[in-house]
Amino acid sequence: MSERQKLLQDIESFIDKSGLAASRFGLLAMNDPALVKRLRAGGDVRTETAQKLRDFMRGWKPPANPKRRAEARAA
């Protein structure tokens with residue numbers, strides 16, 4: 001398995017567990033909502049970018065109460 005494939009597998013697992021949409025992950029991690037789409041299509045990232053993505057996944061904490069945030073946006 002290539003490093004790109006391993007990174008994509010790690011990202012896919014993270015977004016499944018976190019509940020984040022792929023575009024939201026890319027936006028939060030790298031300010032790039034199309035990042036995961038490009039990786040899924042076979043694109044690659046630099047080593048530094050891959051490390052930033054892994055650091056983001058390692059340090060990410062879910063919102064304290066996501067339901068309240070959604071209710072606040074709807075009001």
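## Close-up views of a five-helix chain

**Figure 1. The buried residues of H1 pack against three partners: H2, helix H3 (35-40) and H4.** Welcome to the first close-up of this predicted model. Helix H1 covers residues 3-18, which is 16 residues in total. From its first C-alpha to its last, H1 reaches 22 Å, close to the 22 Å expected at 1.5 Å a residue. Look for Leu7, Leu8, Asp10, Ile11, Phe14 and Ile15, the buried residues of H1. Viewed down the axis of H1, these buried residues fall within an arc of 160 degrees, so they line one face of the helix. On the other side of H1 you can find Asp16 and Lys17, which are exposed. Just after H1 comes glycine 19, with a positive phi of about 85 degrees.

**Figure 2. The whole chain is built with 5 helices and 0 strands.** Let us step back for a moment before zooming in again. Following the sequence from start to end, the pattern reads α-α-α-α-α. The protein chain has 75 residues, and 28% of them count as buried. Now consider the contacts with a separation of 6 or more: residues 24 or more positions apart account for 57% of these in the protein chain.

**Figure 3. Helix H4 has its buried residues on the same side.** With 13 residues, H4 reaches 18 Å from first C-alpha to last, close to the 18 Å expected at 1.5 Å a residue. Which residues of H4 are buried? They are Thr49, Ala50, Leu53, Phe56 and Met57. Around the axis these residues cover an arc of only 120 degrees, which puts them on the same side of H4. The buried residues of H4 pack against H1, H2 and H3. Thr47 and Arg58 are exposed, and they sit on the face of H4 turned away from its buried side.

**Figure 4. Helices H2 and H4 pack at an angle of about 105 degrees.** Two packed helices are described by the angle between their axes and the distance between the axes. Here, H2 spans residues 22-30, H4 spans residues 47-59, and their axes are 10 Å apart. An angle from 65 to 115 degrees counts as roughly perpendicular, and H2 and H4 are therefore roughly perpendicular to each other. On the H2 side, the contact is made by Phe25, Leu28, Ala29 and Met30. H4 contributes Thr49, Lys52, Leu53, Phe56 and Met57. Sorted by class, this contact of H2 with H4 has 7 nonpolar, 1 polar and 1 charged residues.

**Figure 5. Leucine 35 lies in helix H3 and has contacts beyond its sequence neighbours.** Is leucine 35 buried or exposed? Buried means under 20% relative accessible area, so at 5% relative accessibility leucine 35 counts as buried. Setting aside neighbours within four places in sequence, leucine 35 is in contact with Phe25, Gly26, Met30, Val45 and Leu53. Try tracing the path from leucine 35 to serine 23: they are 12 residues apart in sequence and 7.3 Å apart in space, C-alpha to C-alpha.

**Figure 6. Asparagine 31 lies in the loop between H2 and H3.** Most residues other than glycine have a negative phi. Asparagine 31, although not a glycine, has a positive phi of about 60 degrees. Exposed means over 50% relative accessible area, and asparagine 31 is exposed, with a relative accessible area of 64%.

Methods. Residues are numbered from 1 along each chain as its sequence is written. This is a predicted model: local features need pLDDT of at least 70, side-chain atom pairs count only at pLDDT 80 or more; totals for chains, interfaces and linings use all residues. Side-chain values use heavy atoms; hydrogens and water are left out. Axes are lines fitted to C-alpha atoms, for helices over the stretch in contact, and angles run from 0 to 180 degrees between N-to-C directions. Helices (H or I, at least four residues) and strands (E, at least two) are DSSP runs, numbered from the N terminus. Angles under 35 degrees count as roughly parallel, over 145 as roughly antiparallel, 65 to 115 as roughly perpendicular and the rest as oblique. Contact means heavy atoms within 4.5 Å. Ala, Val, Leu, Ile, Met, Phe, Trp, Tyr, Cys and Pro count as nonpolar, Asp, Glu, Lys and Arg as charged, and the others, Gly among them, as polar. The expected span of a helix is 1.5 Å times one less than its number of residues. Buried means under 20% relative accessible area, exposed over 50%, partly exposed in between (1.4 Å probe, protein chains only). The arc is that of the directions from the helix axis to the C-beta atoms.
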